[in-house]
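Open the structure in your viewer and keep the selection panel at hand. The tour goes from one selection to the next and says what is found at each stop.

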2 protein chains.
Amino acid sequence: MTTTIDGRKVAQRIRTGVAEDVARAARLGGPVPGLATILVGDDPASTVYVAAKRRAVREAGMRDFHRSLPATSTHDQVAAVIDELALDPEVSGILLQLPLPGALDAAALIDRIPVGKDADGLTTASAGLLTRGRFGLRPCTPSGVIELLDAARVPLRGAHAAVVGWGELVGRPMAQLLLRRGATVTVAHEHTPDLAAVTRPADVLVVATGVLGLIGPEHVKPGAAVIDVGIHRTDRGLRGDVRTAELDGIAGCITPVPGGVGPMTIAMLMVNTLQAARWAADPGTPPTTPPTTPAALPA
Amino acid sequence: MTTTIDGRKVAQRIRTGVAEDVARAARLGGPVPGLATILVGDDPASTVYVAAKRRAVREAGMRDFHRSLPATSTHDQVAAVIDELALDPEVSGILLQLPLPGALDAAALIDRIPVGKDADGLTTASAGLLTRGRFGLRPCTPSGVIELLDAARVPLRGAHAAVVGWGELVGRPMAQLLLRRGATVTVAHEHTPDLAAVTRPADVLVVATGVLGLIGPEHVKPGAAVIDVGIHRTDRGLRGDVRTAELDGIAGCITPVPGGVGPMTIAMLMVNTLQAARWAADPGTPPTTPPTTPAALPA
């Protein structure tokens, strides 16, 4: 019997928790957190994503700052917008929507975001804080995966986890978050010669490869928790990196696509924005952080 | 037939290469790299280590800066010394010898070292650069392990590597350096319930646990490369985390203790100091770094 992990439900619970925290702080006269989204160009998918993020910000009772820049913007023009938002005390978090058009250097522009406003957790400074186990904002998708595993009551300490894919946005921080929770972690990637051999011992399998339907029954230990981070548009609708239907009765629990990891990314962005606002209000935040996710949320 | 990897020989080759590079640059009228070591207190082991590092600096033809501070120094006093060295253009690299006495906050003091002078590669900023695959100075011991594996012609791309121990100084950066070289990497630690089950599939086994003699034949795949980062003083002399004698005829190659990984740490510190000097001279260093080790050394 395979359980489906309902990412929409978990994401909604987290977003409601953030909204309650924001409302409570506002009643006490505290500052209202605000997220600034920056969209360069008019890529259709990016436009949709940014709109969804802004809607979530408003639904959480936070302030929605937004900057649209033309696709022809220069590095210095984008940098100037980031610098201005970095100095604005009403802006708690800054999100630069990726990918950037043209020859813009995404890594350099992201690293202009101050670590305390790094709502996406993607700066080099945030990566360093995660590696060193210090307080900081964590990348949204992998911290959302941890929330899903916790919601499904999957034990992590002492578990063997396999992370397939070693990208900057998911795989690398995912491995570190799982290690921090006490899992033994194997990271596999395109140079792994026998993928099934390294994924089959895993109690927890997180797949973030961008390869449609890569993972099937041959890769999965019976009873394992399977988290599918992939998302692909196909003729038969959205599909992931996992051949989910084939794992029915094999996986212990599994995330669907859509409705699994996807909704968690925005939920964790809300958590990070709230957390950034708290961090700004109290810079004496503990130098090390025991919890995996940045915010202690109401249950 | 098990081959012993001669760390002293590899380290000497690297140190000679650094000395030749330093001499060549000096002939061209370039600046001479300099390393500043900071020793707080008079811990006997730290005193010996710092003396060895200073000797290596002088042997490489680099400038030896050194500061000794009393064990009673305050955070602000140590910080002031770091800040002064950070501003000194003749100081290419700064090394704060660990452990620090008393209640000094090592993490905070290390993070005062500018990323460009982080000769030990231990700052949060350097950890972030490593995670993101960008140019930076890498921690000396794990980059020394990569050099040993290369010297022993152990293939890494497509290999399965197991790293036992997830400490900040070795295990975490080690896993990332191995991944960057294309290995599939498993990280095990004290919460791993069945260590042999995760180490036995490994073609490359790096052990950095601080547990004397933890690893024996039951953990090792025949023909595997075994790197022992542990060092323990025992009644029978120095020993590592690996029961080396028991692996004779099982391991394909193995590092001895002493004379394996140990000498590499100082060699890589020399590489980092040279690299820091080059970085300072040409801040337009490439934003991403393909090689694992920070310096392209003469063969």
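The stops below run from the whole model to single residues.

**Confidence**

This is a predicted model, so begin by colouring it by pLDDT. Chain A has an average pLDDT of 93, and 95% of its residues reach at least 70. Now select residues 286-299 of chain A, where pLDDT stays under 50. For that stretch the model has 32 contacts beyond four places in sequence. Where pLDDT is low, the predicted coordinates should not be read in detail.

**The two chains**

Show chains A and B together. A turn of 180° with a shift of 0.0 Å along the axis lays chain B on chain A, at an RMSD of 0.0 Å. That is the relation of a two-fold axis. Through which surface do the copies meet? Of the interface residues of chain B, 100% are also interface residues in chain A, so the copies meet through the same surface.

For one place in this arrangement, select A:Gly128 in helix α5, residues 124-132 of chain A. A:Gly128 is buried, because its relative accessible area is 0%, under the 20% limit for that label. Leaving out residues up to four places away in sequence, A:Gly128 touches B:Thr124, B:Ala127 and B:Gly128. To get a sense of distance, add A:Thr192 to the selection: 64 residues separate A:Gly128 and A:Thr192 in sequence, and their C-alpha atoms are 26 Å apart in space.

**The domains of chain A**

Go back to chain A and colour two ranges. The domain assignment gives domain 1 as 28-117 and domain 2 as 140-254. Their C-alpha centres lie 30 Å apart.

UniProt has a range of its own to select. An unreviewed entry lists residues 5-120 of chain A under "domain: Tetrahydrofolate dehydrogenase/cyclohydrolase catalytic". This span is 47% helix and 16% strand, and its end C-alpha atoms lie 24 Å apart.

**A:Ser92**

Next, select A:Ser92, in the loop between α3 (75-87) and β4 (93-96) of chain A. Is A:Ser92 buried or exposed? With a relative accessible area of 9%, A:Ser92 is buried. Beyond its neighbours within four places in sequence, A:Ser92 is in contact with A:Pro33, A:Gly34, A:Gly116, A:Lys117, A:Thr273, A:Ala276 and A:Ala277.

**A cis peptide bond in each chain**

Move on to A:Pro99, in the loop between β4 and α4 (106-110) of chain A. The bond that joins A:Leu98 and A:Pro99 is cis, with omega about 0°. Then select B:Pro99, in the loop between β4 (93-96) and α4 (106-110) of chain B. The peptide bond from B:Leu98 to B:Pro99 is cis as well, with omega near 0°. Most residues other than glycine have a negative phi, and most peptide bonds are trans.

**A positive phi in each chain**

The next selection is A:Arg153, in the loop between α6 (140-151) and β5 of chain A. A:Arg153 is not a glycine, yet its phi is positive, about 55°. The residue is exposed, with a relative accessible area of 75%. In chain B, select B:Arg153, which sits in the loop between α6 (140-151) and β5 (160-164). B:Arg153 also has a positive phi of about 55°, and it is exposed at a relative accessible area of 74%.

**The annotated binding site**

Finish with the residues that UniProt, in an unreviewed entry, annotates as "binding site": A:Gly165, A:Trp166, A:Gly167 and A:Ile231. Of these residues, A:Trp166 is included in the lining of the largest cavity.

Select A:Trp166, in the loop between β5 (160-164) and α7 (171-180) of chain A. A:Trp166 counts as buried because its relative accessibility is 14%. What does A:Trp166 touch, not counting residues up to four places away in sequence? In chain A it touches A:Gly171, A:Arg172, A:Val187, A:Ala188 and A:His189, and in chain B it touches B:Gln176, B:Leu179 and B:Arg180.

The last selection is A:Ile231, in the loop between β8 (225-228) and β9 (232-234) of chain A. At 52% relative accessibility, A:Ile231 counts as exposed, since that label applies over 50%. Neighbours within four places in sequence aside, A:Ile231 is in contact with A:Leu238, A:Arg239, A:Gly240 and A:Val257.

Terms used:
Residues are numbered from 1 along each chain as its sequence is written. Chains are lettered from A and ligands numbered from 1 in the order in which they are written. This is a predicted model: local features need pLDDT of at least 70, side-chain atom pairs count only at pLDDT 80 or more; totals for chains, interfaces and linings use all residues. Side-chain values use heavy atoms; hydrogens and water are left out. pLDDT is the predictor's confidence in each residue, from 0 to 100. Contact means heavy atoms within 4.5 Å. UniProt positions are given in the numbering used here, feature names are shortened, and annotations may be inferred rather than shown by experiment. On a 1 Å grid over the protein atoms alone, a cavity is a set of points where a 1.4 Å probe fits but cannot get out, and a pocket is an open set with protein on both sides within 12 Å along at least five of seven lines; lining residues have an atom within 4 Å of a point. Helices (H or I, at least four residues) and strands (E, at least two) are DSSP runs, numbered from the N terminus. Buried means under 20% relative accessible area, exposed over 50%, partly exposed in between (1.4 Å probe, protein chains only). Copies are superposed by least squares on the C-alpha atoms of residues with pLDDT of at least 70 in both. Domain bounds come from an automatic or database domain assignment.
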